[in-house]
Structure formats: C-alpha cells, structure tokens
Amino acid sequence: MTDRSYLDWNATAPLRDEAKAALDDALAAAGNPSSVHAEGRAARRVIEAAREQVAALVGARASEVTFTSSGTEANMLALTPAIETATEKRPRSRLLLSAIEHASVRAGGRFPREVVAEIAVDADGRLNVAALADVVTKAPRPLVSLMLANNETGVIQPVAEVAAVVHAAGGLLHVDAVQAVGRIDCDTTALGADLLTLSAHKIGGPRGVGALVRGSEDIHFADPLIRGGGQERGLRAGTENVAGIAGFGAAAVVARRARTADADHMRALRDRLEAGLQAISRQAVIFGADADRLPNTTLFAVPGMKAETAVIAFDLEGVAVSSGAACSSGRVQPSHVLAAMGVSLSLTRGAVRVSLGWTTTAADIEKFLTAWRKLATALSNERQIIAA
Ligand code: PLP
C-alpha cells in the first residue's frame with residue numbers, strides 16, 4: 001500500500017519508529033510490574049519511565065498520571081460524581097458538557113443521564129462561554145468537560161477562560177486533550193485542567209493505551225473504575241499493558257520534541273490543501289474556517305455531495321479520508337458537531353474530514369487535490385444532468 005496517501009490522522013496516527021522500538025523491547029522482556037524479583041522490577045521501571053515521559057508532555061508530575069486502556073476509558077474514569085479534593089468531599093451533582101464532545105464524553109461517564117446538560121457552541125464551533133457561565137452559577141460545584149480541540153473540525157476551545165469560570169463556581173474542569181496534544185501547546189497547569197485525557201495512538205504510540213492526568217495530587221476518585229489488584233494506585237486494577245505504555249512514553253518524548261516543527265509542517269500543507277480545495281470548487285465550505293484550529297484538520301463539504309460516496313471515491317484514488325469521526329463511522333449518522341454549529345442537515349451529510357500528520361508530504365496533498373478535481377467534476381456534471 002506504498003502508493004496510498006493516508007490523510008486520516010485524527011482517526012489514528014501511524015506508529016512512530018521510536019514507539020515501535022520501545023514496544024518491541026518491552027514485549028521481549030518477561031516480568032509482571034507488580035512482582036518483586038528482578039524481572040518484575042525491570043517491567044516496573046519501564047512503566048515509571050513512561051509515566052515521567054507522558055507527564056512531561058503535558059507539564060504534569062508523574063504521580064498525577066494514571067494509565068488506562070484508551071482515551072475512552074480515561075474519559076469514563078474522569079466523569080464520575082465521586083471526585084474529591086482536599087477541601088470538598090461531597091459528590092458532584094451536575095455534569096456540564098459542550099455540545100461537541102466526543103462520544104466517550106457525551107455518554108456522561110458514571111453520571112445519571114438526568115444530571116447531564118450540554119452547553120451550546122457558536123457557528124464556528126467554539127463553546128459559548130457566556131452560556132456556560134450562566135449555567136455554572138445555577139449548578140454549583142459542577143464537573144465540566146470541555147475538549148481542547150474538536151476531532152471533526154479541529155476547532156480549539158477556550159479552555160483556560162472556561163477554567164476560570166468553573167473554578168470561581170467551585171467546579172472542576174475535565175479536558176479531553178486527545179486530539180490537541182502533540183499538535184498545539186498543552187500544559188495542564190496553564191489550561192487550568194483538573195483532569196486531562198490523553199490517548200497514545202493519536203501521537204504515534206500504539207492503539208489501546210491512554211492516560212488520565214490529574215491537575216494536582218489533591219484530586220482523588222472515591223470510586224475506581226476497575227477494582228481488583230490495586231494497580232495504578234488503586235485507580236485502575238489489572239496487570240499493566242507494559243509494552244503499550246512503553247510505546248506511549250516513547251511517542252510522548254518525540255511528540256514533545258517535534259511539536260513545533262510538526263505543527264509548522266502540517267499547517268503549510270493544510271493551507272495548500274484548503275486553497276486547492278476551494279480553487280477547484282468555489283462552493284466548498286470549510287467548517288470552523290474563521291476559528292483557531294488545529295494545524296492538521298480540515299472538515300469540508302459541498303452542497304449535494306454525500307460523504308460516504310466521497311470517501312469511497314477518494315479511497316479508490318488511493319487517498320484515505322473519513323466522513324466525520326471514525327468512532328461513529330459504520331453507522332451513517334449526521335455529525336452532532338455540525339448540528340450544534342447550526343449547519344444544515346443536507347450540507348452535514350456531505351462533510352469529509354481530511355487530517356494530516358508528520359509524515360504527510362506535498363505529494364499527498366497533490367494526490368488529494370487530483371482526486372478532488374475528479375470528484376468535483378463528476379459532482380458538477382451530475383448536477384447539470386439533474387438540472388437538465
Ligand atoms: N476523545 C477524542 C476527542 C477523540 O477524538 C477520541 C478518538 O478518536 C477519543 C477521545 C477516544 O480515544 P481512544 O480511541 O483512545 O479511545
């Protein structure tokens with residue numbers, strides 16, 4: 001599949017070489033990290049080194065990092081009424097979410113459905129902070145969950161501003177940083193995040209590993225998600241995925257070192273892609289174009305286009321893109337993100353996401369544009385036939 005152009009990095013990124021090497025090394029070694037013998041201690045060292053590496057990526061302390069099986073699980077662990085701080089032990093009675101969260105946050109974690117409320121976004125897909133402030137004052141001490149960047153549009157959310165509002169009301173803020181980390185600056189303290197979710201496979205680590213980072217050691221969970229052997233300081237029982245965690249740590253090191261250069265690289269290619277896209281079809285709408293966005297993500301549509309047909313057409317031309325979020329593909333459902341932005345259902349049905357990464361080349365962009373020219377021509381011919 002060497003002549004393929006993979007432009008679906010928000011679904012998953014290819015494994016970085018450094019992550020693969022760390023993974024292979026860890027797989028080759030025996031040893032349960034909870035065992036006291038030399039093999040066990042070696043496995044433990046691998047995990048603790050990775051914990052330091054992941055913590056460093058988001059400006060946290062290693063003791064604040066809990067490894068999980070995925071970003072989804074980290075979100076599930078985070079979203080519980082039973083979060084305690086040094087000064088507040090009462091359960092949280094409200095969960096407030098932005099209307100554009102990932103399915104794993106929208107599910108509400110361990111909160112009863114009736115205490116979960118969604119806060120609107122504007123037409124650019126940015127959270128309406130005034131609307132949140134209004135609700136927060138009426139729902140004292142809530143847990144609020146706001147993603148740092150949206151997986152479909154790439155629009156960056158006003159997280160630090162929201163943190164100030166939430167904290168003033170005695171609330172706590174959870175930030176799903178799965179799509180943002182490695183692409184924009186992501187510092188737990190600067191963001192004001194009390195909890196932060198990460199996923200290894202979006203930064204070049206393996207699939208099936210994630211982490212929940214606590215903004216301070218003062219934050220405790222009274223109800224661990226998985227009970228058993230007490231691993232991960234009692235928060236997440238089960239023998240650790242040593243190789244996966246090692247790969248996550250190695251990917252975090254590279255992501256931290258390469259972030260600025262990677263972002264510049266992706267932004268230049270993304271700008272070329274968007275200019276070409278609109279030069280070929282002036283009707284192409286790029287969602288969130290006026291907002292601050294991730295440097296790698298373009299979500300676009302043209303009236304009359306069907307996303308599933310477009311994705312197949314691109315695939316046949318050797319270009320991998322997606323229709324909305326990967327987690328919801330398979331079920332053809334219009335994007336809740338675009339619905340929240342007030343985009344018409346007919347345009348929403350044509351939304352195609354193109355997402356780039358550190359190995360994307362100018363040739364990949366040209367290949368995408370060649371395929372787009374073909375598809376756009378076919379679409380406009382079809383329209384003329386229908387109109388005739
Ligand atoms: N949060 C966001 C914003 C995502 O985009 C995703 C995956 O696409 C997740 C959470 C879930 O992460 P994982 O695939 O590790 O479960």
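The questions and answers below go through the cores, the ligand shell and three buried residues of this structure.

Me: What kind of model is this, and how are its residues numbered?
Reply: Side-chain values rest on heavy atoms, with hydrogens and water left out, and local features need pLDDT of at least 70, side-chain atom pairs count only at pLDDT 80 or more, and totals for chains, interfaces and linings use all residues. This is a predicted model, and its residues are numbered from 1 along each chain as its sequence is written.

Me: Which residues touch the most other members of the largest nonpolar core, and which helix gives the largest share of that core?
Reply: A nonpolar core is a set of buried Ala, Val, Leu, Ile, Met, Phe, Trp, Tyr and Cys residues joined through side-chain atoms within 4.5 Å, where buried means under 20% relative accessible area, exposed over 50% and partly exposed in between (1.4 Å probe, protein chains only). In the largest core, of 54 residues, L196 and L198 touch the most other members. Its largest share, eight residues, comes from helix 8 (residues 242–280), helices (H or I, at least four residues) and strands (E, at least two) being DSSP runs numbered from the N terminus.

Me: How many residues surround the ligand, and which are the closest?
Reply: A residue is near the ligand if one of its heavy atoms lies within 4 Å of it. The largest share of this shell, three residues, comes from helix 3 (residues 71–78). The shell holds 15 residues, and the closest are G71, T72, D176, S199 and K202.

Me: How far is a side-chain N or O atom of K202 from an oxygen atom of the ligand?
Reply: A polar contact is a pair of N or O atoms within 3.5 Å; within protein, one must be able to donate a hydrogen and the other to accept it, and residues adjacent in sequence count only if both atoms are side-chain atoms. A polar side-chain atom of Q179 lies 2.8 Å from an oxygen atom of the ligand, and for the side chain of H201 the distance is 2.9 Å. For K202, the distance is 2.6 Å.

Me: Where does N10 lie, and which side chain does its own side chain meet in a polar contact of 3.1 Å?
Reply: N10 lies in the loop between strand 1 (5–6) and helix 1 (17–28), and counts as buried because its relative accessibility is 1%. N10 and K202 are 192 residues apart in sequence, yet 6.7 Å apart in space, C-alpha to C-alpha. The polar contact of 3.1 Å joins the side chain of N10 to that of R183.

Me: Why does R51 count as buried, and which backbone oxygen does its side chain reach?
Reply: R51 is found in helix 2 (residues 38–57), and it counts as buried because its relative accessibility is 2%. Its side chain is joined to that of E48 by a polar contact of 2.8 Å. The side chain of R51 also reaches, at 2.8 Å, the backbone oxygen of V65.

Me: Is T197 buried or exposed?
Reply: T197 lies in strand 8 (residues 195–199), and, not counting residues up to four places away in sequence, it touches residues including G71, D176 and L212, contact meaning heavy atoms within 4.5 Å. Because its relative accessibility is 0%, T197 counts as buried.
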